[in-house]
Amino acid sequence: MRIRLRDSLVSMLVVVAGLSVAAAQAPAYRAPRTADGKPDLSGIWQAMNTASFDIQAHSASKDVPAGVGVVEGNDIPYQPSALAKKRENFAKRATLDPETKCYLPGVPRIMYMPHPFQIFQKPGQITMLFEYVHATRFIYTNGTKHPEGHIDWWMGDSRGRWEGDTLVVDVVDFNEDTWFDRAGNYHSDELHVVERFTPLDADHITYDVTVEDAKVFSRPWRMSMVLYRNRDKNAQLLEYDCYGFDEAFHAPAQSQ
Amino acid sequence: MAKLFLGLLTIALLVVDVSAQGPPPPPKAAPPPGWIDPRNPPKEDPSFKAPRTPDGQPRIEGEWAQASDIITYSIEDPELERAEHTAISGQRPMVGRPIIDPIDGKIPYLPWAMKYAAFLHEEHRKPSALKYLDPVSRGFQEGVPRINYQGTFQIQQFPGTVLFTYDYHHTYRVIPLDNRPHVNQNVKLWMGNSRGHWEGDTLVVDVANNNDQTWLQIVGGFHSDAFHVVERWTLTSADHIVYLATVDDAKVYSRPWTLRVDMRRQKVEEQWESAIWEGNKTPEIVAGGDK
């Protein structure tokens, strides 16, 4: 009996070790597939961090929860003059932040606003709908390239492809009027964003972002966070129609 | 005016007997051109049977746009619209008349509401206050049904869900088909809360939780937060949808009323960004200038 127990413990250890090796070598999780065999990312998702306030590590302040930051290594490689502008943005953030004017927040900022978004997936196109200012993203995964241009868009132009279980989205054609957060982190119209959405398990997606902008940063830099599936029974997108046009600024727009 | 409006509204609330509201009576005289039986619109292609999606829905996917010559200036008075557009642009637009019931093509306001609608109409060229300006002109969302005669839109279908994405103002509607109840009535939404189901080749959508801020046209066309819409999207051929929206609002209208819009299939194109107020300098100017 004792010998058999020891044997089975050994076998279990071998199995566990084998699993660990497998986990290190290959994705531990294989996402369910859509009809065309791609990982199915559909559902209602939301980031659960403080990046919308400040993508870098920060202490708490009034109405701002503290956060460890989502920037890899925490430092953003601003060119010297750009760092000065970032600091000025921070000092004047109450009026300069485009969010205060209810503008479309750009990518990646829309992905970690504290509101849910929903992914719908078709062969050739992924549609992302956001509760925040009813923003939309259409990510074309049909092999098409970015349109000729430069085009000044708030949300950029998104073209996606699959690398294994990871959706890789290349985003260009931004204007220079959006920020990354409420802390004044900014970019120019040369912003180039590469997003990587990797299913972690049924209810989590790892969201990695590479940012480059030769006018503002001295080298590319990265952010990483997890997107969480909203599993509440009645989860659905509502509206947060921030209004910033004429006589006053409302957030959200008054509904009655 | 605001006090008068509130007073009239109070009176209206007192005198309206909600139980008297029922389905629209069938037209007694010969129906006007364009009138169709909402429950059974004739098929453009009599042999047409809508193909099915893998989960069994009639396939309504694609890109569509209204082909009923409706411009949102006035859905009640297309001659006024024609005159206005001719004056502005020198071009005489076609005139669409979407309201098929009642047969006079007018919104059947309660008497007090008729007066307020007339006031908004007077105000629309040079409003004395911003709240008398068309909410869409101010950058708010359109609401249902107005968004459906605004421009081009795409329909995508998924198991249990129909999704509308509109070119104008990146507006979208997620319509679940699983008979789930509307959200609590305390939740008011610009685009309402949509719940759908299929009846044959007709997508029926019940739209509740509407706020009282959207208009049906530039010259007014208001409603209260009791506004409720039932839409019927019927495929009558591969490239044609009859769209019927029956509207009720016991606080503002004397009876439910119905508008019809014919939708034609369009070539599917990428939906590019349609920002509305972004980049417009008016907010800074009006707010006193931040820069």
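## Chain B at a glance

Chain B holds four helices and 10 strands, where helices (H or I, at least four residues) and strands (E, at least two) are DSSP runs numbered from the N terminus. This is a predicted model, in which local features need pLDDT of at least 70, side-chain atom pairs count only at pLDDT 80 or more, and totals for chains, interfaces and linings use all residues. Residues are numbered from 1 along each chain as its sequence is written, while chains are lettered from A and ligands numbered from 1 in the order in which they are written.

Reading chain B from the N terminus, you will meet the elements as α-β-α-β-α-β-β-β-β-β-β-β-β-α. Of its 291 residues, 38% are buried, meaning that 20 or more other C-beta atoms, placed from the backbone, lie within 10 Å of the residue's own. Among the chain B contacts with a separation of 6 or more, 61% link residues 24 or more positions apart; a contact is a pair whose C-beta atoms, placed from the backbone, lie within 7 Å.

## The barrel of chain A

Let's turn to chain A. Here nine strands close into a barrel with mixed pairing, in the order S1-S2-S3-S4-S5-S6-S7-S8-S9; two strands pair if DSSP finds at least two bridges between them. On average, neighbouring strands of this sheet are turned by 30° against each other, direction ignored, with axes taken as lines fitted to C-alpha atoms.

## From S5 to S8

A good stretch to follow by eye starts at S5(A) (residues 157–163), which pairs antiparallel with S6(A) (residues 166–172) over seven bridges. The two strands form a hairpin with two residues between them, and Gly164(A) in the turn has a positive phi of about 65°. Trp162(A) faces Leu167(A) of S6(A) across this pair.

S6(A) also runs antiparallel to S7(A), joined to it by five bridges; there Val169(A) has Glu195(A) as its bridge partner. S7(A) (residues 192–201) in turn pairs with S8(A) (residues 204–212) in the antiparallel sense, over nine bridges. In that pairing Val193(A) is matched with Val211(A).

## Where the chains meet

The contact between the chains draws 34 residues from chain B and 31 from chain A. On the chain B side, the elements giving two or more residues are strands S3 (153–158), S4 (161–166) and S5 (172–176), together with helix H4 (282–286). H4(B) gives the most, with three residues.

By type, this side of chain B divides into 16 nonpolar, 10 polar and eight charged residues. Ala, Val, Leu, Ile, Met, Phe, Trp, Tyr, Cys and Pro count as nonpolar, Asp, Glu, Lys and Arg as charged, and the others, Gly among them, as polar.

Methods: Buried ≥ 20, exposed ≤ 12 C-beta atoms within 10 Å, placed from the backbone. Contact = placed C-beta atoms within 7 Å. Axes fitted to C-alpha atoms, helices over the stretch in contact; angles between N-to-C directions.
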